[in-house]
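Here are some short exercises to help you find your way around a protein model. Try each task yourself before you read its solution.

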Amino acid sequence: MLFTLLPLLAGLGYAIAYSFGLVGVLNKGFTLENWKILFSTSEVYISVLYTSWLAFASLSICIFISLAVVLAFPKKFKSGIFSYLVYMPLAFPSIVAAFFFFQFLSNAGILARLCHQLGIINQISDFPNLVNDSYHIGIISTQTFLSLPFFILLYASLYQAEKLEDYQKLAYALGASKKQTIFKISIPILLKRSLPSIIIYFIFKLGSYEVPLLLGKSSPETISVLAVRKLQKFNLLDIPQGYAIAVIYAFLVLLLLFIAFKKSKHQYEV
């Protein structure tokens with residue numbers, strides 16, 4: 001408790017005090033002015049929605065691929081080469097993965113040159129830029145790449161722990177088709193058991209900094225990039241707003257953690 005919660009609570013308390021003008025370089029006592037300025041524009045609302053959308057999109061794709069892979073090859077990750085290869089993306093720090101996808105997806109990158117060599121495009125510059133783009137393909141691709149091993153290993157483990165193979169055999173014996181078995185038994189069980197982990201990973205994606213910083217557009221910004229920009233700008237008046245954004249993020253995380261805890265507790269009770 002002392003070495004884990006106390007520093008977090010102290011940091012959160014300092015951020016709250018700074019956002020209300022109680023501490024800091026230009027503090028003049030308690031004020032709501034910093035919060036009024038922050039919410040006077042749509043910047044913070046758009047940032048929260050944009051960050052949530054990126055986390056949701058990358059997680060949805062990741063979960064879809066992971067479920068498809070595990071249900072198609074449930075025993076491939078217990079032993080053999082696939083049990084080792086699945087860990088490879090985990091060796092990439094976020095910033096390294098971001099630089100890799102920048103070199104791979106940019107309009108002068110590896111994929112563009114490969115398409116040019118295959119005759120798909122006439123010039124390398126004809127290839128669409130898939131980083132810093134309006135559809136956020138670079139960010140979503142990188143975050144999916146980084147998350148995929150975790151969910152493949154998670155669902156492979158749950159597949160064995162929940163004895164899905166026995167449920168499938170029972171369903172076939174009762175006359176269920178393969179499609180019914182997958183969509184009415186296997187997928188619902190895996191999603192229900194993994195829901196707390198999905199919420200925790202969603203929180204982790206909300207705080208992603210390096211990937212959206214390198215591969216995202218200058219506007220809109222994710223909540224972490226927006227907070228850091230305001231904290232590190234030369235304008236001292238923006239620093240309290242940066243701490244206010246950090247407070248918003250902290251309370252959003254606490255809310256999601258509470259939901260994850262409730263879901264996890266409910267599962268154990270069941």
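The exercises below concern this predicted model, and each comes with a worked solution.

**Exercise 1. One face of a helix**

Task: Find which residues of α5 are buried, and work out how they are placed around the helix axis.

Solution: Begin with the helix itself. Helix α5 covers residues 94–105, which makes 12 residues. From its first C-alpha to its last it reaches 16 Å, close to the 16 Å expected at 1.5 Å a residue. Next, pick out the buried positions, meaning those under 20% relative accessible area. In α5 these are A97, A98, F101 and L105. They cover an arc of only 100° around the axis, so they sit on the same side of α5. A general rule helps here: an α-helix has 3.6 residues a turn, so residues three or four places apart point the same way. Finally, look at what this side meets: the buried residues of α5 pack against α6 (110–117), α7 (137–161) and α10 (210–215).

**Exercise 2. The nonpolar cores**

Task: Locate the largest nonpolar core and say which elements give two or more residues to it.

Solution: Start from the residues with the most contacts inside this core, which are F151, Y155 and L190. The core has 29 residues in total. The elements that give it two or more residues are α3 (43–72), α7, α9 (178–206) and α12 (239–269). Now zoom in on L190: leaving out residues up to four places away in sequence, L190 touches L67, L71, Y155, L158, Y159 and L164. Another core, of 18 residues, lies apart from the largest one, and its members include Y50, A98, L105 and F127. You have met two of these names already: A98 and L105 are among the buried residues of α5.

**Exercise 3. Aromatic rings**

Task: Describe how the rings of F20 and F30 are arranged, and where the two residues sit.

Solution: First, recall that a pair of aromatic rings is described by the distance of the centres and the angle of the planes. For F20 and F30 the centres are 5.4 Å apart, with 15° between the planes. Planes under 30 degrees apart count as stacked, and this pair is therefore stacked. Both residues lie in the loop between α1 (5–19) and α2, 10 residues apart. F30 counts as exposed, because its relative accessibility is 57%. Now widen the view: ring pairs join F20, F30, W35, F39 and Y45 into a cluster. Across the model, the count comes to 16 aromatic pairs.

**Exercise 4. Two residues and their surroundings**

Task: Decide whether N34 and S218 are buried or exposed, and find what lies around each.

Solution: Take N34 to begin with. It is found in helix α2 (residues 33–39), and counts as buried because its relative accessibility is 11%. Setting aside neighbours within four places in sequence, N34 is in contact with Y18, S19, G21, P240 and Q241. Turn now to S218, in the loop between α10 and α11 (223–232). S218 is exposed, since its relative accessible area is 66%. Its C-alpha atom is separated by 8.2 Å from that of N132, although the two residues are 86 apart along the chain.

**Exercise 5. Cysteines**

Task: Count the disulfides, then check whether C62 and C115 are buried or exposed.

Solution: A disulfide is a covalent bond between the sulfur atoms of two cysteines. With a cut-off of 2.5 Å between sulfur atoms, the count comes to zero disulfides. C62 counts as buried because its relative accessibility is 0%. C115 is buried too, with a relative accessible area of 12%.

Methods
Residues numbered from 1 in each chain as written. Predicted model: local features only at pLDDT ≥ 70, side-chain atom pairs only at ≥ 80, totals over all residues. Heavy atoms only, no water. Helix = DSSP H or I, 4+ residues; strand = E, 2+ residues; numbered from the N terminus. Expected span 1.5 Å × (residues − 1). Buried < 20%, exposed > 50% of the residue type's maximum accessible area, 1.4 Å probe, protein only. Arc of directions from axis to C-beta. Contact = heavy atoms within 4.5 Å. Core = buried A, V, L, I, M, F, W, Y, C linked by side-chain atoms within 4.5 Å. Phe/Tyr/Trp six-rings, centres within 6.5 Å; stacked < 30°, edge-to-face > 60°.
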